[in-house]
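The exercises below are meant to be worked through with the sequence and the coordinates at hand. Each one sets a task and is followed by a solution that goes step by step.

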Amino acid sequence: MYTIGEFAAIGRISVRMLRHYDAIGLLPPAHVDEHNGYRFYSDVQLASLLLIVELRQLGIGLDAIAAVLASTDPRPALTATLRQRRAELVAGIAQDRDRLDRLERRLNILEGTETMSTLVEYRPLEALTVYAVSDTAPGMGPELVGPIVGPLIGSLDQALEAAGRPILAPSTFWYEARDDERLAVNISYPAETPPRPGEGYDVVELPAVPLAATLMHHGDMSGIGDSWMALMESLVADGYRVVGPTREVYVRATGHVPGPDWLTELQAPVERAS
């Protein structure tokens with residue numbers, strides 16, 4: 001048997017942490033002296049201790065660790081937990097790479113080694129009839145909107161193909177803020193004339209816009225946030241305010257994987273600020 005101090009030293013953790021694992025039922029001692037309350041741990045508990053320490057170092061939560069230890073077949077449970085954590089880390093790395101790309105672009109622009117197109121044009125937008133699908137994201141931002149977009153595009157493509165409708169270009173996305181801070185994400189393709197209703201998609205009339213601030217974004221989506229920021233900063237500086245849902249029109253887009261040759265027009269309905 002090991003004292004709590006000896007057991008903590010083997011796992012290279014604090015006695016306080018072992019007491020916490022005991023309190024939450026994750027790793028209770030094998031024996032507690034009824035007279036003085038001293039905790040003792042057995043040899044067979046070493047494997048659980050070392051597994052807990054390893055999984056915590058990998059960033060795995062205590063609830064997931066508890067589920068592995070409580071499993072009747074720990075090996076598959078451990079494998080599933082490690083695979084889940086790997087997926088989380090891969091997603092985190094991708095987000096960090098995107099942030100790094102945006103940071104580098106911003107620094108390059110500030111230092112004069114790269115230019116960003118900030119030519120904002122003000123013009124009316126014609127009414128447009130589209131085939132569309134929509135869903136709700138928990139909020140604005142690529143990390144919240146991105147997971148919604150892919151499935152929406154797939155569902156719209158499938159619905160139009162099943163209905164025998166053509167998939168025309170350019171596609172238009174538009175976004176509508178809701179009172180509960182969520183964001184309506186709408187994906188569409190131009191409808192043929194006359195439009196034909198079908199299952200799995202809606203025929204939507206995008207109204208004409210008397211005046212919109214527009215900006216062309218060149219390249220993939222990693223820098224589109226900077227382009228939107230440039231558009232908003234410019235229209236505010238020019239004395240305008242946004243008065244309706246913003247749109248992204250994919251003027252040049254090959255396939256569904258954004259690439260460096262993509263051209264996207266950002267559109268924001270505006271009016272003169274009072």
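**Exercise 1. An aromatic chain of contacts**

Does phenylalanine 173 count as buried or exposed, and what is its relative accessibility? Go on to classify the ring pairs that involve tyrosine 250.

*Solution.* The model is a predicted one, and the values that follow are computed from it.

Step 1. The relative accessibility of phenylalanine 173 is 7%, and since buried means under 20%, the residue counts as buried.

Step 2. A search of the whole structure returns 6 aromatic pairs. In one of them, the ring centres of phenylalanine 173 and tyrosine 250 are 4.7 Å apart, and because their planes meet at 55 degrees, the pair is classed as tilted. Phenylalanine 173 belongs to strand S6 (residues 171–177) and tyrosine 250 to strand S11 (residues 246–252), so that the pair links distant parts of the chain, 77 residues apart.

Step 3. Tyrosine 250 also has a relative accessible area of 7% and is therefore buried. Its ring pairs with that of tryptophan 262 as well, with the centres 5.9 Å apart and the planes at 75 degrees, which makes this pair edge-to-face. Tryptophan 262 sits in the loop between S11 and strand S12 (263–272), 12 residues from tyrosine 250, and both of these residues are buried.

Step 4. Elsewhere, ring pairs join Tyr2, Phe7 and Tyr41 into a cluster. A further ring, that of tyrosine 240, has arginine 272 over its face, at 4.1 Å from the ring centre.

**Exercise 2. Salt bridges between distant parts of the chain**

How many salt bridges does the structure hold? Take three of them, and locate the partners along the chain.

*Solution.*

Step 1. The structure holds 7 salt bridges. One of them joins the side chains of aspartate 22 and arginine 39, with an N to O distance of 2.9 Å. Aspartate 22 is in helix H2 (residues 15–23) and arginine 39 in strand S3 (residues 39–41), 17 residues apart. With a relative accessibility of 24%, arginine 39 counts as partly exposed.

Step 2. Another salt bridge brings together arginine 123 and glutamate 265, whose closest N and O atoms are 2.6 Å apart. This pair connects strand S4 (residues 121–125), which holds arginine 123, with strand S12, which holds glutamate 265, across 142 residues. The two partners fall into separate accessibility classes: arginine 123 is partly exposed at 23%, whereas glutamate 265 is buried at 8%. Glu121 joins Arg123 and Glu265 in a network of salt bridges.

Step 3. In a third case, glutamate 192 and arginine 165 form a salt bridge, the closest N and O atoms being 2.8 Å apart. Glutamate 192 lies in the loop between strand S7 (183–190) and strand S8 (202–206), and arginine 165 in the loop between H6 and S6, 27 residues apart. Glutamate 192 is buried, with a relative accessible area of 17%, and arginine 165 is buried too, at 14%.

**Exercise 3. A buried charge without a salt bridge**

Which side chain of opposite charge is nearest to aspartate 157, and how far away is it?

*Solution.*

Step 1. Aspartate 157 is placed in helix H6 (residues 142–163).

Step 2. The nearest side chain of opposite charge is that of arginine 165, 13 Å away, and aspartate 157 has no salt bridge although it is buried.

Step 3. Once neighbours within four places in sequence are set aside, aspartate 157 is in contact with Ile167, Tyr189 and His256.

**Exercise 4. The length and burial of a helix**

What span should the 12 residues of helix H3 have at 1.5 Å a residue? List its buried residues.

*Solution.*

Step 1. Because the expected span is 1.5 Å times one less than the number of residues, helix H3 (residues 46–57) should span 16 Å, and the 17 Å between its end C-alpha atoms agrees with this.

Step 2. The buried residues of H3 are Leu46, Leu49, Leu51, Ile52, Val53 and Leu55.

Step 3. Glycine 59, which follows H3, has a positive phi, near 85 degrees.

**Exercise 5. The surroundings of a strand residue**

Which residues does threonine 172 touch?

*Solution.*

Step 1. Threonine 172 lies in strand S6 and, at 3% relative accessibility, counts as buried.

Step 2. Not counting residues up to four places away in sequence, threonine 172 touches Leu128, Asn186, Ile187, Ser188, Leu206, Arg247, Glu248 and Val249.

Conventions: Residues are numbered from 1 along each chain as its sequence is written. This is a predicted model: local features need pLDDT of at least 70, side-chain atom pairs count only at pLDDT 80 or more; totals for chains, interfaces and linings use all residues. Side-chain values use heavy atoms; hydrogens and water are left out. Helices (H or I, at least four residues) and strands (E, at least two) are DSSP runs, numbered from the N terminus. Buried means under 20% relative accessible area, exposed over 50%, partly exposed in between (1.4 Å probe, protein chains only). Rings of Phe, Tyr and Trp (its six-membered ring) pair if their centres lie within 6.5 Å; planes under 30 degrees apart count as stacked, over 60 as edge-to-face and the rest as tilted. A charge sits over a ring if NZ of Lys or CZ of Arg is within 6 Å of the ring centre and within 35 degrees of the ring normal. Lys and Arg count as positive and Asp and Glu as negative; His and the chain ends are not counted. A salt bridge is a side-chain nitrogen of Lys or Arg within 4 Å of a carboxyl oxygen of Asp or Glu. Contact means heavy atoms within 4.5 Å.
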